[in-house]
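Me: I'd like a close look at one part of this model, the packing of two neighbouring helices and the core around them. Could you walk me through it, and then point out a few residues elsewhere that deserve a glance?

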Amino acid sequence: MINIGLLGLGTVGQGVVEIVNSSQEELKKLVGEDVNVKKILVKNKDKERSEEIPKEKITYRVEEILEDKDIMVVIEATSDVEESYKNIRKALEQGKHVVTANKAIVSKYFEELSNLAKEKDRAFLYEASVGGGIPILKPLKEEIALNDISHIQGILNGTSNYILTRMFEEGLDYGETLKIAQDLGYAEANPSSDVDGYDTQRKLRILSTIGLKGEVKENDVLVRGISSISSFDVEQIKKLGYTVKLIGETNIIDEKFTAVVEPVLLRSDSYFANVNMAFNAISLEGNNVGELKFFGAGAGKLPTANAVLKDVIDILKGTYRKKNILGSRKLKNRNEEIKGKYYLRISLGSGEIPEEIKGLAEKILDPNFAAITREVEFQEVDKLLANLNIQDEKYFLARIQD
Ligand code: HSE
């Protein structure tokens, strides 16, 4: 019997238990033994739990999992980054394999935890951290590892995509749609990570570090979110024949790369414009394989738990990439070269629109105020608005795709 310790019984943890219970026979066929979730770490002692979760499996003490010699694999599915980081370190040091779905931890401690796992000759796997249920990291690490990847582009946050889709297709309002995405279990504990672009930033950092075979850090990725979008913006943008998606994009030429997360206006017949609701899509360009596209459920209980369990199966079958996946390429960031034309809306109530702002416009859409800007650098408009003391929530800025 193979024993698993599960840290956390939120959306992902519950999905793991559900799939393990419903797939016992198939799991045994795949790995040759029964697979058992032996213990589950929870925080809230008094919460009502489903019958699928026997009381004797529940523990409030993480040591009961980390120090249990019968537990071979630890699945980390909690949301506290620092606590989880400590637990992952301890689990690897105790000789256990670790699987996590938490992109914040992978992004923050990617190099350190990958090196520790290598040193301890154990697996540290995180397929569910990018793209939810889409198998994307294993293909990047293995099936297309022989390629030089020159371009990575994706819709990587289900919550934002869900909000944008319902705003554009049904005219719903921002706050109302965010609330539904939270109720559906798509959003992070603090949904600012989703709508302000940080979740996409972390996922792009992970994808880019693996794909480019060199370190791309979180702060190498410029970020702008969708939290200030309004129904007025939706109307204006639709009139122009576009839709909006929160896009993460990395490009590399020689050893120089750009990486950015931002809302982008896309023509409604383009590929990414048609990736809707909580779906994610990722497009890669490799020198041998050409363009590859991946599409699927980017968030949610069972898709994410499925990706976690695929990692567990790889560990039990020994089919994961055992060499350290970190590449040694020395990459240079050239984000200062990112430029584009932008849709810009500012709401100042009865306040006058400053002349400097009007000076950015190539075409005014509404005098009070929405415009398409001339070509500007990524941070030029933000800097100008900050100098004029115009707060983030008073404007929406989205690049127009050529
Ligand atoms: N909050 C994340 C999202 C969950 O909405 O995409 C999956 O990573």
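Reply: Happy to: the helix pair comes next, then the cores, and then some individual residues.

Please keep in mind that this is a predicted model. Two packed helices are described by the angle between their axes and the distance between the axes. For helix H4 (residues 81-93) and H5, the packing angle is about 15 degrees and the axes are 11 Å apart. Angles under 35 degrees count as roughly parallel, so H4 is roughly parallel to H5. The crossing in which H4 passes H5 is right-handed.

Here is who takes part. On the H4 side, the contact is made by Val81, Glu82, Ser84, Tyr85, Ile88, Arg89, Leu92 and Glu93. H5 answers with Ala104, Ile105, Lys108, Tyr109, Glu112, Leu113, Leu116 and Ala117. By character, the residues of this contact of H4 with H5 divide into ten nonpolar, one polar and five charged.

Now to the cores. In soluble globular proteins, nonpolar side chains tend to be buried together. Here, the largest nonpolar core has 67 residues, and Ile136, Leu207 and Ile282 are those with the most contacts inside it. Helix H5 (residues 103-119) gives the most to this core, with seven residues. If you centre your viewer on Ile136, you can pick out Glu127, Val130, Leu207, Ile282, Leu284 and Phe294 as the residues it touches, leaving aside those up to four places away in sequence. There is also a second, separate core of 34 residues, and Ile4, Leu9, Val37 and Val99 are among its members.

A charged residue to look at next is Arg166, placed in helix H7 (residues 158-170). Buried means under 20% relative accessible area, so Arg166, at 17%, counts as buried. Apart from neighbours within four places in sequence, Arg166 is in contact with Gly171, Leu172, Thr177, Ile180 and Met277.

Next comes the backbone. Most residues other than glycine have a negative phi, and most peptide bonds are trans. Asp121 has a positive phi of about 55 degrees although it is not a glycine. Asp121 sits in the loop between H5 and strand E6 (124-125), and at 52% relative accessibility it counts as exposed. Lys213, likewise not a glycine, has a positive phi near 60 degrees. Its loop runs between helix H10 (198-212) and strand E8 (222-223), and Lys213 counts as partly exposed at 29% relative accessibility. As for peptide bonds, the one joining Asn368 and Phe369 is cis, with omega about 10 degrees. Phe369 belongs to the loop between strand E16 (361-366) and strand E17 (370-373).

Finally, take a look at Lys57, in the loop between strand E2 (35-41) and strand E3 (58-59). Lys57 is partly exposed, with a relative accessible area of 21%. Beyond residues up to four places away in sequence, Lys57 touches Asn36, Val37, Lys38, Lys39 and Ile40. Val37 is also one of the residues in the second core. For a sense of scale, Lys57 and Leu365 are 308 residues apart in sequence, and their C-alpha atoms are 60 Å apart in space.

Note on methods
Residues are numbered from 1 along each chain as its sequence is written. This is a predicted model: local features need pLDDT of at least 70, side-chain atom pairs count only at pLDDT 80 or more; totals for chains, interfaces and linings use all residues. Side-chain values use heavy atoms; hydrogens and water are left out. A nonpolar core is a set of buried Ala, Val, Leu, Ile, Met, Phe, Trp, Tyr and Cys residues joined through side-chain atoms within 4.5 Å. Buried means under 20% relative accessible area, exposed over 50%, partly exposed in between (1.4 Å probe, protein chains only). Helices (H or I, at least four residues) and strands (E, at least two) are DSSP runs, numbered from the N terminus. Contact means heavy atoms within 4.5 Å. Axes are lines fitted to C-alpha atoms, for helices over the stretch in contact, and angles run from 0 to 180 degrees between N-to-C directions. Angles under 35 degrees count as roughly parallel, over 145 as roughly antiparallel, 65 to 115 as roughly perpendicular and the rest as oblique. A crossing is left-handed if the near helix is turned anticlockwise from the far one by less than a right angle, and right-handed if clockwise. Ala, Val, Leu, Ile, Met, Phe, Trp, Tyr, Cys and Pro count as nonpolar, Asp, Glu, Lys and Arg as charged, and the others, Gly among them, as polar.
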